[in-house]
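Colleague: Mind walking me through this one before I set anything up? I'd like the fold basics and the cysteines.

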Amino acid sequence: MKPGVWYWAVGGILSVTTVLGNGLVIYLIISRKRLHKTVNWFLFSLAVADLCVGLIQFPSKACMSASLCSKCITTATRWLFLNSSMTNLCSLTVDRYIAVFKPLKYAVYKTKRRHLVLISAAWIIPFVVHFVPFTWMCCAGMKNAVRNFLTVLLFLFKLPPILLLFIACSKTLYIARKQKERASVQLTQLRFNGFCRQSVSTIKSQTQPSTFAKALGIIVAIFLICYAIDIARLICYTFHCSKYIPWLVVNLQSLLFVFNSASNPIVYAFFKQDIRRELKSFIKCFAS
């Protein structure tokens, strides 16, 4: 059953929103030196993956629908960037978890080389684990091997990151809330005792790693909701009941994938102070 006009219309709008939003985030992080911070380079890598999702997801589906593209290559490429978005979100979550949970160790851990390794791994792992073997088996017509491969992929590559995101993000939010409460008490005591602004700003700077915790929680929550259908479909495929999944759910899955990538820049704009500040400056310059 082919998707209707509404599917392509909504998918097109989401794709354009994804490309424009993530493209703007990429431009701001590259062009503004004030955004050259550790966490923002993780956001940059995630924005690149999300931008590729917006560029590939629906154009590749349209190409396959018109029988103009190879199903194996286009499917593998589409999943490469979807999985890269997942692994980049995992690397961002791990970095924020260490920054909030073990801030003293994070000061030692925070080196360009280690962050480059973590970001590189977020791109290399999906390519090696999924793209290469899936493309080879699919192009070779190994249907049984593909089925077994997707089953292994579910338990070794899909479910572990989901659990990691849920556990790490939950702990990060909990610790960040405790840090905020403790900092609030300290700030109240300092102001009451008449300490200088420098002491107050020092306390505020100690809670900086927790300022992005709320935004991260929203990003992870949207991701888990949008990718729930993907996990459910893989489970049904594993237990040979995928034929009972209606096409409406299959089409909804593609829309949710792009919606997830489109929503991330909006979360940055509302909840991340430095990006929101630079975005306002960009809009003012663009409007004048």
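What follows is a short back-and-forth on the fold and the cysteines.

Colleague: How many helices and how many strands are there in the protein?

Modeller: Keep in mind that this is a predicted model. From the N terminus on, the elements run α-α-α-α-α-α-α-α-α-α-α. So the tally, going by DSSP runs, is 11 helices and 0 strands.

Colleague: What share of the contacts between residues at least 6 apart in sequence joins residues at least 24 apart?

Modeller: A contact here takes heavy atoms within 4.5 Å. Counting the pairs at least 6 apart in sequence, the share that joins residues at least 24 apart is 77%.

Colleague: Which cysteines form a disulfide?

Modeller: The cut-off is a pair of cysteine sulfur atoms within 2.5 Å. One pair has its sulfur atoms 2.4 Å apart, and the count comes to 1 disulfide. That pair is C72 and C138.

Colleague: How far apart in sequence are the parts that the pair C72 and C138 ties together?

Modeller: C72 sits in helix α3, residues 71-101, while C138 sits in helix α5, residues 112-139. The pair therefore ties together parts whose separation in sequence is 66 residues.

Colleague: And what is the handedness of the disulfide of C72 and C138?

Modeller: Look at the torsion about the S-S bond, which is about -75°. That value makes the disulfide of C72 and C138 left-handed.

Colleague: Is C138 buried or partly exposed?

Modeller: Buried means under 20% relative accessible area. C72 is buried at 12%. C138 comes in at 23% relative accessibility, so C138 counts as partly exposed.

Technical notes:
Residues are numbered from 1 along each chain as its sequence is written. This is a predicted model: local features need pLDDT of at least 70, side-chain atom pairs count only at pLDDT 80 or more; totals for chains, interfaces and linings use all residues. Side-chain values use heavy atoms; hydrogens and water are left out. Helices (H or I, at least four residues) and strands (E, at least two) are DSSP runs, numbered from the N terminus. Buried means under 20% relative accessible area, exposed over 50%, partly exposed in between (1.4 Å probe, protein chains only).
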